[in-house]
Amino acid sequence: MSSGNARPDDDLLLRAALGELSEEEATRLAQCLAECPDGDPVAAEYRQSLQEFKEFYQGEFQQSVPEPPHAWRGFYGKLAAQRQHPFTLGARLRAVWGGWTHQPSLAWVAAVTCMVVAALLIGTRLNHAPRVSAHEVLERAAAAEEQAEEALHVFSGAVVCQTLEVRVGARRLTRTVYRDVARHRQVDRWSARDGGPLRQDAQPPLATELAGRFKSARLNWSDPLSPVSIQTWLGGRAKLDQAQETVREEDGVYTITLRTPASAPAPQNVVTETDFVVRMTDYHPVAARFQFSSDADEVDLTETRYEIHPVQSLEASVRSELDAPLAHQPAGAVKEPATVASEPDTTPESIENVEIRALYALHQRRADLGGETEVKRTADGVTVSGVVVSRRRKQELVAALRLIPGIRTDIETAEQAAARQTGTTTAPQSAAAIELPALEKALVENFPEQGARDAFVLGTIECSQQALVRGFALQRLLRTAPARGGTALSPEVRREWREMATEHRRDMETQLDRLFDRMTPLAGAVTAQPDRIPRAASWAETEAEVTRDLQALDKLVTRLMSASAGPVEERDPATLIRQYQDLGSRIRARIARLREEPDEHN
Amino acid sequence: MASTPPITDREGGLCSLGSASGELIALDRQRRLMALIEGYFEEFRRPVYVYVFSMCRCPGRAEEITQDAFLRLHVAMGRGEQISSVRSWVFRVAHNLAINEGKKHRFEVTNSIDGEESASPSDLLPNPEERVLSEERSTRFRQGLSTLTNHQRQCMQLRAEGFQTQQIADILQISRSGVVDTLQRAMKRLRKVMV
């Protein structure tokens with residue numbers, strides 16, 4: 001501001017119009033305007049301009065903006081896909097890039113690095129990598145399918161009506177599928193291509209032949225365009241990585257071509273190549289082509305209709321078949337993955353190997369962190385049981401385990417488990433248990449905005465829980481063969497065991513570092529004090545102590561940060577913070593010991 | 001928006017359930033994060049979309065960029081990134097994505113909010129005299145806007161969205177004084193045409 005009687009600066013007048021003056025500045029401006037009223041009309045003009053623009057922008061302009069063409073469809077599917085596999089390379093790269101989009105200098109560095117890497121890759125490999133991987137498209141398509149099916153579960157009586165044109169060489173068929181997703185019922189209707197109806201109580205010979213071919217190729221004939229079916233056929237992620245893939249993007253669709261690795265001699269009725277066409281806007285599969293190892297003609301499937309209808313609007317014969325008891329449903333009508341049918345080998349050595357192989361397969365799919373699955377030795381082999389969140393997840397795990405001989409799976413979805421345990425209800429949380437977080441004041445000071453506060457609390461508790469989850473995973477791993485001094489393990493399995501143990505320990509440390517860093521501004525830094533704790537006799541005992549402490553730490557962090565941590569004895573924030581620091585120091589000291597090789601102590 | 005309660009231990013659930021609850025808690029946390037993102041998406045998608053649309057003038061592309069900005073928010077929050085203002089963060093990412101997209105597809109980032117004629121609120125006025133006055137004012141407003149630079153229009157738009165100058169500076173990655181200066185010039189130009 002200018003001194004004396006001079007007119008106030010335009011900057012100051014504008015900030016006054018914007019309502020962004022500090023108290024001191026506002027007082028000085030008022031004094032200045034009292035002495036020199038010239039500034040007042042200018043401020044009024046600014047205010048008026050801002051107001052007029054705001055009215056124009058919020059009224060006329062916003063009304064003239066067209067609605068988004070896809071009405072936000074696809075977002076929830078993409079979000080679900082991102083949730084399902086947040087740690088894929090693609091997602092990590094996107095995450096890194098996403099974090100840099102507001103830092104142009106880093107973005108430029110990243111862009112230049114990417115260009116150099118791309119140039120090197122082009123120089124060394126003639127075949128160019130697809131912009132979107134087959135894996136990613138299949139994942140997103142599967143997530144979108146799951147999302148759609150979840151939505152259908154909400155509306156009882158909604159039936160999917162899907163028409164497929166099936167072409168095998170010169171032979172053609174039209175198949176209309178009526179699928180009641182909520183009740184797992186399906187009715188098929190067939191007709192010749194010219195529309196003439198066939199007999200309703202029988203499949204035409206071509207359909208019977210195709211059902212057999214699909215079954216022996218481990219494809220899902222009841223829903224042949226299901227992306228989950230393609231994933232299952234590929235035998236999970238490991239096999240998909242081996243398959244040769246190309247992805248083309250044209251005319252609003254992704255066309256994925258997958259060729260399985262050549263293996264000679266290929267058994268009959270194995271799919272050697274498939275084209276899978278997925279619509280870009282909503283990741284809905286619209287066509288597929290299957291080439292079998294036998295000399296039989298290719299099978300082409302094209303979706304010509306996909307609609308949802310209320311069951312009442314369907315013709316009476318379809319309705320009655322959909323309402324028929326499940327035993328009367330045609331074979332394969334209910335979508336279920338093939339169960340594992342390998343002959344178990346029950347010698348003690350093989351059971352140890354099989355158990356760790358199963359754990360390793362689950363580990364690669366992040367399913368060994370407790371909750372989802374449990375691996376148990378039984379009299380006749382190894383059983384993997386558990387409850388998973390979705391049908392897709394179930395199929396993914398079953399597909400991964402299928403490759404291991406001697407494994408039995410007993411995995412069910414949450415929905416199936418709930419249906420089995422009818423009548424069980426969760427007791428509502430007592431109102432008395434809810435109170436403000438112990439660190440509420442510090443949280444509000446550090447994060448005045450509610451959204452930011454939520455995100456911070458969420459992230460911090462996540463770190464604590466992830467560390468604990470890793471602690472439990474390590475504990476379960478220690479119960480398996482090597483920790484008990486087992487010597488029957490093959491070198492490969494032993495390597496897998498060590499790899500899992502190292503990864504769990506490393507991730508536990510990373511999560512704890514993140515947790516302590518986040519908590520530092522609120523509860524002070526945590527330092528290791530190794531001399532204050534007695535040394536445990538073995539690595540396994542140290543691990544058990546760490547997990548116990550992690551449990552206590554998790555409860556404490558939750559109590560400090562959360563509004564619904566449940567009843568606790570201690571309410572004084574200072575005492576809680578002291579407890580947090582003691583526990584943190586102890587864990588840090590013990591974790592240092594876990595860096596040593598586990599086998600040396602057992 | 002309503003605050004989403006953080007994930008909590010279900011009253012010692014971890015201890016009593018042992019290994020069975022770890023993943024379930026992680027899943028619970030994921031669901032809550034999803035709900036949070038969906039809440040932000042419902043609340044902010046329209047203003048972000050309008051802003052991006054004014055930059056690229058293509059509804060499909062604006063929709064895609066808007067969705068992408070929220071997917072990145074999900075990733076960022078999932079990694080525990082500290083975000084002081086979610087709304088500013090999403091606008092900033094959407095702004096950068098629109099600029100990147102503009103470079104990729106070689107369209108000019110116009111930020112033209114004065115372009116097409118469309119049905120205006122003045123059409124709804126019953127009095128013909130009022131309608132003529134309103135239309136005249138609207139025409140002059142559009143003329144005034146056409147004299148602004150992209151930067152000036154972006155600043156004005158973000159201000160109309162209710163952002164403070166510091167937040168606008170963060171979104172556009174310029175200094176706060178730069179924003180004040182730009183707004184000042186924009187309003188002077190507008191007044192020149194309007195008066």
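**Figure 1. A:Glu298 and its salt-bridge partner A:Arg289 in the predicted model.** We start with A:Glu298, which counts as partly exposed at 31% relative accessibility. Its partner in a salt bridge is A:Arg289, and the closest N and O atoms of the two are 2.9 Å apart. A:Arg289 has a relative accessibility of 13%, so this residue counts as buried, the cut-off for that class being under 20%. The pair also belongs to a wider arrangement: A:Glu273, A:Asp275, A:Arg289 and A:Glu298 are linked in a network of salt bridges. If you would like the wider tally, a search of the whole structure finds 22 salt bridges over all chains.

**Figure 2. A salt bridge within helix H8 of chain A.** Here A:Arg213 and A:Glu209 come together, with 3.2 Å between their closest N and O atoms. Both residues sit in helix H8, which spans residues 205-216 of chain A. They are four residues apart, about one turn of the helix. Look at how the two partners are covered: A:Arg213 counts as buried at 6% relative accessibility, while A:Glu209, at 33%, counts as partly exposed.

**Figure 3. A salt bridge that crosses from chain A to chain B.** The side chains of A:Glu67 and B:Arg46 meet in this view, at 3.4 Å from N to O. On the chain A side, A:Glu67 belongs to the loop between helix H3 (39-64) and helix H4 (75-84). On the chain B side, B:Arg46 is part of helix H2. With a relative accessible area of 58%, A:Glu67 is exposed, since the cut-off for that class is over 50%. B:Arg46 is partly exposed, its relative accessible area being 26%.

**Figure 4. A:Asp180 in strand S2 of chain A.** This close-up turns to a strand, S2, which covers residues 171-180 and includes A:Asp180. A:Asp180 has a relative accessibility of 2% and therefore counts as buried. Which residues does A:Asp180 touch, not counting those up to four places away in sequence? They are A:Ala158, A:Val159, A:Arg185 and A:Leu322.

**Figure 5. Two loop residues of chain B with positive phi.** B:Arg57 is found in the loop between helix H2 (22-56) and helix H3 (59-78). Its phi is near 60°, a positive value in a residue other than glycine. B:Arg57 is partly exposed, with 24% relative accessible area. The other residue, B:Gln173, is placed in the loop between helix H7 (165-172) and helix H8 (176-194). Phi of B:Gln173 is near 55°, again a positive value in a residue other than glycine. At 32% relative accessibility, B:Gln173 counts as partly exposed.

**Figure 6. The helices of chain B, as a setting for the loops.** How many helices and strands does chain B have? There are eight helices and zero strands, and from the N terminus on the elements run α-α-α-α-α-α-α-α. Chain B has 195 residues, of which 54% count as buried. Among its contacts between residues at least 6 apart in sequence, 67% join residues at least 24 apart. The accessible surface of chain B comes to about 8200 Å², and 51% of that surface belongs to carbon and sulfur atoms.

Definitions and conventions. Residues are numbered from 1 along each chain as its sequence is written. Chains are lettered from A and ligands numbered from 1 in the order in which they are written. This is a predicted model: local features need pLDDT of at least 70, side-chain atom pairs count only at pLDDT 80 or more; totals for chains, interfaces and linings use all residues. Side-chain values use heavy atoms; hydrogens and water are left out. Helices (H or I, at least four residues) and strands (E, at least two) are DSSP runs, numbered from the N terminus. Buried means under 20% relative accessible area, exposed over 50%, partly exposed in between (1.4 Å probe, protein chains only). Contact means heavy atoms within 4.5 Å. Accessible areas come from the Shrake-Rupley method with a 1.4 Å probe; for residues, only the protein chains shown count as cover. A salt bridge is a side-chain nitrogen of Lys or Arg within 4 Å of a carboxyl oxygen of Asp or Glu.
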